[in-house]
Amino acid sequence: MPSIHLWSDHQPGVLGSTNCEHKKQVLEFSALDSSQKPAGKKEEEGNRAQSPKNAPLPAQRIPDWLPGSLLAPLSAYFPTHTGIVWNAAAGPSDNALVWELRTAQCPVTAEERRSVQKWVCRLRFHTGQLQLDMFALTASVLRRGALRYRDSQCTMATIVSGNKTSQQVKERLKKEVAEMKTQFPGFRPGLVVLQVGDRDDSNLYISMKLKAAAEIGINANHIRLPETATEDEVLQSIVAVNENPAVHGLIVQLPLDSINPINTEKVTNAVAPEKDVDGLTSINAGKLSRGDLGDCFIPCTPNGCMELISQTGVSVMGKNAVVIGRSKIVGAPMHDLLLWNHATVTTCHSKTLDLAEHVGRADILVVGAGRAEMVKGEWVKEGAVVIDCGINHIPDRSKASGKRVVGDVHYSSAKERAGYITPVPGGVGPMTVAMLMKNTVESAKRFLQTYTPGKWNIVFTKKKPQEPQPSDAVISRSCQSKPVGQLAREVGLFSEEVEPCSRSRAKIRLDVLKRMKKQPDGKYVVVTGITSTPLGEGKRTTALGLAQAFGALLNINAFACVQEPSPGSCFGARGVAVGGGYSQIIPLEEVSLQPSGQNELISAASRVVMDTIKAHAHYETKLSEKALFDLLVPLKEGQRSVSPAQLSRLKKLGIEKSDPLTFTGTEIRRFVRLDIDPETTADSDSLENEIMAILSLSSSEEEIQQRLAKIVVATNKSGDPVTTEDLNVSGPLAMLLKDALKPVLMQTVEGTPVFLHTSPLVDIAQGSPSILADKMALKMVGSKGFVVTESGHGANIGLEKFFNIKCRYSGLQPDVVVMVATVRTLKMHGGAPPVQAGLPLPKEYSQENLKLLERGCCHLRRQVECAKAFGLPVIVAVNKFSSDTDAELELVCGQARQAGAFDAVKCTNWSKGGAGALALAEAVQRAAKVPGRFRFLYDSQIPAVDKLRTVAQKMYRAKDIEFSPKAKEKLALYTKQGFGNLPVCIAKTHLSLSNDPMMKEEPTNFMLPIIDIKANAGAGFLACLTNSTNTEMDDPMWPCFHGNNLYHDSK
């Protein structure tokens, strides 16, 4: 029995936009005779697929039960709710009848109504001369057979909206970001978009990304490099973002619109894989290709496609998937993504044969070929999921722009057959941006998995001490130091802030302080000591051990700051190492014997000043004032100009002019002549010491230039000070010392970071590491970290200068004072024979002697009082030597507590490293929680005499001070010159509380003689020299290199 088919030639996508579902109608006229069976649906579809469009139906034999006298129209039997009307029209051939089908009741727009094509139904039956008129059906047929209408239920495809899905993704990400902020207050995922050039299309895409990031709560920043940017500049920008822990996603906007050649592949792969939220690096692509989906970032477009597929509810597992296109951005990763989600995947491309056949077998079709409407609707498998990634423009006169956007799939025809389809625009496009945001949030989540606020991700070396303990050099060589670049990254430094000098040493640029300006400071611990023997008490060893204990054992950010050694001092009795044993800086040879160059730069600066003084003195006697003026302010292109230093000199002279051409003869004479008194000229050693102190007390490049300009190099014949600014040499000095201003980064045996910077002498200067090193370290460790710095000699000397000079200028206030003491030194103060470097220790130091030790503890009590005078908690660290007994150690600790120390602990960090200072670190932690009330020893505005008297009486227990005539004269001169309000720095022996190195224990009631005073105006203090008695203690120190073949051992 035949079936009469009505089918359509129309474009279904036009009506699809009105959500009006139209059905392909299949009419079957069935006889009551059950022997006649209708054709099946699959057979019908097969016949239709094999027939070309608009071809006549195959000839059918007209059954004898169908008479030709039927008069009732077919519309009388067709369901009226369909809104269909039938109109007869003339056919294109003599043996065909054609009917025109139009919409009557569907709610379509005027534009859609105009674009609806005619639905043509052609029915042909060839039985000799018989033609059947379908409008002549009569009731007699209905009595013998039944007209049955069957709806095939094959609806148009469901549209998968990318706009709606992307909005759902964004809302979900917004909640996740809010949860992050709740768990980690102040934290925000960070995203950077790096652009080269100023293309309009790139700007549009970037604005979409920035807008989406703002909606979600991501901190997004746009870095635009000019079109003149080179490849190196682009790579440097990428490295800077890679190292920024506040950035979790980096997008390099392509194309790179530069006038210079740039390797896009190289630039793309320069992005750190963990921040490659575009998923374009080779590492992420490789992980995706091998199925490591949880350990990589998936490119945003394929990721968005998978999200859209999941919205359909269609399972990918076991499906036949076809991907058209093999680009690195869409096709290739889409293939891998479908494959590892258990689909059977075929990738097609421009060379693929029988593309339509491959498409026809696809349950899931993803097209990213970049060719407008390449995939035809009739190719698509019935019910398939079609994801169109293409964005193309084709001409369209109806549009204002003359073109419209289409995808790679012929949407209107494909919608007739697909089960689900994405539109263009509004499909995959919005999902790409949403997936970019998703990857950024995912990157932030991964970061937070290993992130502890304010905590470094640093690796410490666990070193097992050897028995018997080897020499410092052997220990150093047995430890493999981390590359300094790795250490810098671990402590939060960026590569652009690090200037490697070698594998183990680097200089750190001052940009770190600018970047970390808003970062809170950590806890500040200063290590001092008691008046020591010539062999030292191990202050630096204890400081390094304490920092190691904080870091390796307590898992707290910790930095040590120590003075940089000079090669000469390294060969003294205290050994070559900086620190000692298992608490030293490595590698030993590099830190001790290969200086960083700061001393050389300081010596060069001193020579420049001395040579300039000599040149001025010489030419002032040889040349006329006009000739000197021509040398100082040379004529260039008819113009003369003064330097900033010369302008300052003019203001000091009261000459309010800046144009040298307007100077009078008197003004020229005053300007060019310094009239230096040769008897007052500074010597090179004094200049070097002051420049070193300036380097140590400066906090910035601007400050060091200001300080260098104030250096008083002589006095003129009128009694006024002559400065480096008067010599017009302060600018060149600042340039010369610019590199010396950078702290040096190294590490200890256990991998704890250390800054080495400056080495001002403690007798005629403040004797401590630089302010810059301390400030930088305090920012880097964060609010919960600890910085351990040192002060020279005993608390009465080094600590007093640390507080009254260094802290006054730095604005920093320490939290805890650690005072290092030893049984050996206290026995010396108790009356044991003197200790001389290079000679064996007397037996009293190697045998237990509690009486001698208790007598010497009066010195410890006095030093604790000196430290407590500044209002801070004091912890006594008793540095244990192998000959010390438990009874002796307990005695010292007890005496320290009685003296008012917050605590007293035994330390074995020389032999055990950080583990030997663990008890000390825990005590420091407790003390740091105690609110201190730091105070200076004196007010800077009181007269210099009163400052000297305060220090002498409170720190040294002197009865009073007495001035030599020379000191009185100089003090009066400096007060007149305006230097009377500077802090004072008393230079005296470090071997006693008094000025006599032979006076031990606790000398009191002595007069402190001041024999000379020098104004270090640049450094900012008055250096006051005392009359220290020369004794046999000043004998030369026996060098340590005898018996140590350092060169041979270091090979």
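Two residues are taken to be in contact when their heavy atoms lie within 4.5 Å. In the predicted model examined here, 75% of the contacts in the protein chain between residues at least 6 apart in sequence join residues at least 24 apart. The secondary structure of the protein chain comprises 37 helices and 35 strands. Of its 1051 residues, 52% are buried. The protein chain exposes about 47,300 Å², of which carbon and sulfur atoms supply 51%.

On the surface, Leu204, Tyr205 and Met208 make a nonpolar patch of about 300 Å². One of these residues, Leu204, belongs to helix H6, which spans residues 200-216.

A further site concerns Lys827, a residue of helix H30 (residues 823-829). With a relative accessible area of 1%, Lys827 is classed as buried, because this value falls under the 20% limit for that class. The surroundings of Lys827 were examined next. When residues up to four places away in sequence are not counted, Lys827 touches Ala832, Glu844, Tyr845, Gln847, Glu848, Asn849, Leu852, Leu853 and Glu888. Among these neighbours, Glu888 is also a polar partner: the side chain of Lys827 makes a polar contact with the side chain of Glu888 at 2.8 Å. The lysine of helix H30 thus combines a buried position with a side-chain polar contact to Glu888.

Terms used:
Residues numbered from 1 in each chain as written. Predicted model: local features only at pLDDT ≥ 70, side-chain atom pairs only at ≥ 80, totals over all residues. Heavy atoms only, no water. Helix = DSSP H or I, 4+ residues; strand = E, 2+ residues; numbered from the N terminus. Buried < 20%, exposed > 50% of the residue type's maximum accessible area, 1.4 Å probe, protein only. Areas by Shrake-Rupley, 256 points an atom, 1.4 Å probe, with all protein chains shown as cover. Patch = residues over 30% accessible without salt bridge, like charges linked within 9 Å, V, L, I, M, F, W, Y side chains within 5 Å. Salt bridge = Lys/Arg side-chain N within 4 Å of Asp/Glu carboxyl O. Polar contact = N/O pair within 3.5 Å; in protein donor to acceptor, adjacent residues only side chain to side chain.
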